[in-house]
Amino acid sequence: MNVSSFSVVKGSVLPRHDWTRDEAQALYDLPFADLMFQAQSVHRANFDPNHVETASLLSIKTGGCPEDCGYCSQSAHYKTDVKATKLMDHDAVIATARRAKESGANRFCMAAAWRNPKDKDLDKVCDMVSEVKALGLETCATLGMLTREQADRLRDAGLDFYNHNVDTSPEFYGHIITTRTMQDRIETLAHARESGLKVCCGGIVGMGEQVEDRLGMLMLLANLAEHPESVPINLWNEVKGVPVNGTANAPDPIEMVRMIAVARIMMPKSVVRLSAGRQYMTDEMQALCFLAGANSIFIGDVLLTTKNPQTDKDAALLNRLGMTSRFDEVRTADQAPSSSRAI
């Protein structure tokens with residue numbers, strides 16, 4: 001294949017929805033400098049290349065999930081160190097959201113380990129969404145599979161984004177999950193779209209899949225009728241007691257950067273988020289990912305049940321790279337004279 005056909009020129013970076021496997025592979029196989037140039041060109045045509053979105057993630061209901069996702073510490077099928085909990089108290093969730101905003105987050109994501117929410121639980125979550133929205137934060141939730149009616153209720157409560165990852169390629173999916181099909185996931189994404197919610201959808205790398213599976217996942221997302229507004233790319237975290245421990249094979253840093261670059265080119269207007277696994281990344285690796293088109297991170301010491309870099313460390317890295325974020329607003333507010341601060 002003649003990869004020169006992928007050259008990016010001004011005005012030619014509109015989203016496509018007809019990517020082929022050969023095209024995705026040809027992009028991935030480009031000389032590294034050429035791939036980075038194209039990804040950065042697409043990125044600059046659609047985003048401020050020096051700005052990073054900051055989001056915070058809270059597990060509002062942990063563990064006891066009936067799904068058998070082979071990577072997940074919260075599955076009831078495996079003996080892990082995670083204990084099942086009830087839905088968090090409303091006031092505790094709002095207090096956490098307020099602290100997240102004060103720490104520099106602009107989006108607050110609420111996650112519950114359910115196959116699908118029950119109506120009585122959804123009532124409580126909708127109340128949480130409304131109050132988090134009132135704080136001035138963007139709102140996101142991941143609650144498992146949704147019906148159209150449930151998506152409508154979340155939208156009416158003020159939800160901005162619904163997260164529902166496809167996890168991996170259609171070909172590799174059956175190796176890690178049997179209790180929920182890929183089609184189940186696609187249908188939930190459709191319900192979210194039909195209700196007017198924005199979609200946050202990505203996957204996990206390092207579970208034992210091959211490069212072609214990583215590209216297959218990106219193709220699945222890029223060939224949806226509408227690209228996800230947010231595409232989280234998670235690097236699998238080692239979890240005691242789950243099957244993926246036996247197959248896990250983390251990508252080397254260059255492979256990870258290549259994947260981010262391909263995601264940026266194939267979904268030019270989507271925010272690409274470095275999600276779980278950043279604690280395994282060096283500053284240099286994260287910098288290359290930002291150069292390749294990643295423009296969002298989760299902040300906070302914990303993501304659901306796994307570790308995450310400390311907020312101060314993230315703020316320092318972005319400052320060293322000359323990249324802006326909500327950290328700058330927080331820093332400015334902290335430095336302002338007390339008499340000029342909002343009460």
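How many of the residues of strand β7 (residues 230-235) are buried? In this predicted model, β7 is mostly covered, with 6 of its 6 residues buried. The side chains of the strand alternate in direction: Ser 230, Pro 232 and Asn 234 point one way, while Val 231, Ile 233 and Leu 235 point the other way. Both sets are buried.

The neighbours of β7 come next. Strand β6 (residues 203-205) runs parallel to β7, and 3 bridges join the two. One of the pairings can be followed residue by residue: Gly 203 has Ile 233 in β7 as its bridge partner. To get from β6 to β7, the chain passes through helix α8 (residues 211-222), and this β-α-β crossover is right-handed. Strand β8 is also joined to β7, here by 4 bridges, and this pair is parallel too. Val 231 finds its bridge partner in Val 272 of β8. Between β7 and β8 the chain travels through helix α9 (residues 253-266), in another β-α-β crossover that is right-handed.

The path can be traced onward from β8 (residues 271-274), which is joined to strand β9 by 2 bridges, the two strands running parallel. Leu 274 has Ile 297 as its bridge partner in β9. With helix α10 (residues 283-292) between them in the list, β8 and β9 make a right-handed β-α-β unit. In β9 (residues 296-299), Ser 296 and Phe 298 point one way and Ile 297 and Ile 299 the other way. As in β7, both sets of side chains are buried. Strand β9 is also parallel to β1 (residues 53-61), and 4 bridges join them. Here Ser 56 is paired with Ile 299 of β9. In β9, then, Ile 297 is the bridge partner of Leu 274, while Ile 299 is the bridge partner of Ser 56.

Helix α10 also has a part in the surface. Leu 291 is found in this helix and is partly exposed, with a relative accessible area of 42%. Together with Ile 254 and Leu 288, Leu 291 makes a nonpolar surface patch of about 220 Å².

Charged side chains give another view of the structure. Side chains of opposite charge can pair when their charged atoms come close. The model holds 23 salt bridges. One of them joins Glu 138 to Arg 107, with the closest N and O atoms 3.0 Å apart. Glu 138 lies in strand β3 (residues 138-142) and Arg 107 in strand β2 (residues 107-112), so this pair ties together parts that are 31 residues apart in sequence. The two partners differ in their surroundings: Glu 138 is partly exposed at 27% relative accessibility, whereas Arg 107 is buried at 2%.

A second salt bridge links helices. The side chains of Arg 153 and Asp 119 meet at 3.8 Å, N to O. Because Arg 153 lies in helix α5 (residues 148-157) and Asp 119 in helix α4 (residues 119-134), the pair ties together parts that are 34 residues apart in sequence. Arg 153 is partly exposed, with 29% relative accessibility, and Asp 119 is also partly exposed, with 47%.

Arg 16 and Asp 18 form another salt bridge, with a distance of 2.9 Å from N to O. Both residues are partly exposed: Arg 16 has a relative accessible area of 26%, and Asp 18 has 48% relative accessibility. Salt bridges can also be linked to one another, as in the network formed by Arg 148, Asp 152, Arg 155, Asp 156 and Glu 194.

Finally, what about the cysteines? A search of the whole structure finds 0 disulfides. For a disulfide, the two sulfur atoms must lie within 2.5 Å. The sulfur of Cys 140 is 3.7 Å from its closest cysteine sulfur, in Cys 109, and is therefore too far away for a bond. For Cys 69, the closest cysteine sulfur is in Cys 72, at 6.1 Å, so a bond is ruled out there as well. Both Cys 140 and Cys 69 are buried, with relative accessible areas of 2% and 9%.

Definitions and conventions:
Residues are numbered from 1 along each chain as its sequence is written. This is a predicted model: local features need pLDDT of at least 70, side-chain atom pairs count only at pLDDT 80 or more; totals for chains, interfaces and linings use all residues. Side-chain values use heavy atoms; hydrogens and water are left out. Buried means under 20% relative accessible area, exposed over 50%, partly exposed in between (1.4 Å probe, protein chains only). Two strands pair if DSSP finds at least two bridges between them. A crossover is right-handed if, with the strands pointing away from the viewer, the path from the first strand over the helix to the second runs clockwise. A salt bridge is a side-chain nitrogen of Lys or Arg within 4 Å of a carboxyl oxygen of Asp or Glu. Patches are made of residues with over 30% relative accessible area and no salt bridge: like charges are joined within 9 Å, nonpolar side chains (Val, Leu, Ile, Met, Phe, Trp, Tyr) within 5 Å. Accessible areas come from the Shrake-Rupley method with a 1.4 Å probe; for residues, only the protein chains shown count as cover.
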